[in-house]
Structure formats: structure tokens, C-alpha cells
Amino acid sequence: MLSKGEAGEAVRLAKVKTGVTWAQLAEAVGRPLAWTTAALLGQHPMTKEEAATAAALLELGEDAALAFQLQPTRGALEAAVPVDPTIYRLYEVIQVYGPTIKELIHEQCGDGIMSAINFRLDVSRVPDPAGDRVVITLDGKYLQYQWE
């Protein structure tokens, strides 16, 4: 049996081997792109059907499909936790979705990073029937690694 962390690493290796994209995986399991990426990196549990579909597409075995179904211990970073409630929630977002954001940047843009220097940030409140929402936009210039 694989742990969720081991299964996540197996997914990353299988993506390279098979050429399957996060978008193709999301379409196959019928879930949003960011959610599917986070789930396969170990941050969300998948249903048996979702797990089987993803494992088959990635040519992984039943041990990976079982690991995809495990309840996760969310948070992928290891550091002291901030105490301010607003900052803590942002920290939690990065704990859960940081590896997903990294994978999606690399898949969609290439081997590089998002600049935090050439950067725009927007925060807005958007009305919603289920309760107003906070929208945070992180808009950083893409910087490709240059290996000279």
C-alpha cells in the first residue's frame, strides 16, 4: 500500500511517462482542474470511481487508486503556523494548494516561477447568494529558469 505522499510522487512520475496532463485527468474524473491536481498530489480524497479512472489513465496500479481514496492530512509545507486568522487562512491555502499551483505553472508555462517582484495583487469582495466571497488575484510575471 502506498501513502498519499508516495502516490502523489507516483502521479508526477506517471504524468511524465504517459504524457497525460492535469487537464486531461480533471476531465476524465469529472472534477475541476485545481481540485483534481490537489487530490492527486494528496490534498483531497477521491471517490473509488474517480481514483480508478485516474489510476487507469496514469497506468498506475490498485495501490495508487487506494491511496487516492485515503483521507489526507492536509498541508504540504513544514513550517511554523501564523497566528493571525487572516494570514493563517492564506497560509492554509498555500499549504493545501501550493504544490498544485506549482504543478500547474510548470505544466502551462514551462520550467519557471511566478515573480513576486514584478507582481500585481488584487483583493475584492464579490456578492454571492450563498454569502459574499473574497477574491484574491495573484498576478506575477512568469520567469523562465535560464540554464546557461
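# Six helices and a hairpin

User: How many bridges join strand E1 to strand E2?
Analyst: Strand E1 covers residues 112–126 and strand E2 covers residues 133–144, and the two run antiparallel. Strands here are DSSP runs of E with at least two residues, helices are runs of H or I with at least four, and both are numbered from the N terminus; two strands pair if DSSP finds at least two bridges between them. For E1 and E2, the number of bridges is 11.

User: Before we go on, what pattern does the protein chain follow when read along the sequence?
Analyst: This is a predicted model, so local features need pLDDT of at least 70 and side-chain atom pairs count only at pLDDT 80 or more, while totals for chains, interfaces and linings use all residues. Residues are numbered from 1 along each chain as its sequence is written, and side-chain values use heavy atoms, with hydrogens and water left out. The protein chain has 6 helices and 2 strands. In sequence order they read α-α-α-α-α-α-β-β.

User: Back to the hairpin: which residue in the turn has a positive phi?
Analyst: E1 and E2 have 6 residues between them in this hairpin. On the paired part, Ser124 has Val135 in E2 as its bridge partner. In the turn, the residue with a positive phi, about 125°, is Gly131.

User: Which residues of H2 are buried?
Analyst: Buried means under 20% relative accessible area, exposed means over 50%, and partly exposed is in between (1.4 Å probe, protein chains only). H1, H3, H4 and H6 are among what covers the buried residues of H2. Right after H2 comes Gly30, with a positive phi near 75°. The buried residues of H2 are Trp22, Leu25, Ala26 and Val29.

User: Why do they count as being on the same side of H2?
Analyst: Think of the arc as that of the directions from the helix axis to the C-beta atoms. The buried residues of H2 sit on the same side because the arc they cover around the axis is only 100°.

User: How many residues of H3 are buried?
Analyst: H3 is mostly covered, and H1, H2, H4, H5 and H6 are among what covers its buried residues. Trp35, Thr36, Thr37, Ala38, Ala39 and Leu40 are the buried ones. Just after H3, Gly42 takes a positive phi of about 100°. Of the 8 residues in H3, the buried count is 6.

User: Which residues is Trp35 in contact with, leaving aside neighbours within four places in sequence?
Analyst: Trp35 is in helix H3 and is buried, with a relative accessible area of 15%. Its C-alpha atom is separated by 8.7 Å from that of Tyr97, 62 residues apart along the chain. With contact meaning heavy atoms within 4.5 Å, the residues Trp35 is in contact with are His44, Pro45, Met46 and Glu50.

User: And H5: which of its residues are buried?
Analyst: H5 runs over residues 62–69, and what covers its buried residues includes H1, H3 and H4. The buried residues are Ala64, Ala65, Ala67 and Phe68. They share a side of H5 because they cover an arc of only 160° around the axis. So, with that arc in mind, the residues are Ala64, Ala65, Ala67 and Phe68.

User: Which element gives the most to the largest nonpolar core?
Analyst: A nonpolar core is a set of buried Ala, Val, Leu, Ile, Met, Phe, Trp, Tyr and Cys residues joined through side-chain atoms within 4.5 Å. This one has 21 residues, and Trp22, Leu25, Leu40, Met46, Ala54 and Phe68 touch the most other members. H1, H2, H3, H4 and H5 each give two or more residues to this core. With 4 residues, the element that gives the most is H5.

User: Is Glu59 buried or exposed?
Analyst: Glu59 is found in the loop between H4 and H5. Its phi is positive, about 60°, although it is not a glycine. At 56% relative accessibility, Glu59 counts as exposed.

User: Where does the largest share of the lining of the largest pocket come from?
Analyst: A pocket is an open set of points on a 1 Å grid over the protein atoms alone, where a 1.4 Å probe fits and protein lies on both sides within 12 Å along at least five of seven lines; lining residues have an atom within 4 Å of a point. Among its 18 lining residues, Gly98, Ile101, Lys102, Ile105 and Met114 lie nearest the centre. H6, E1 and E2 each supply at least two residues of the lining. The largest share, 10 residues, comes from H6.
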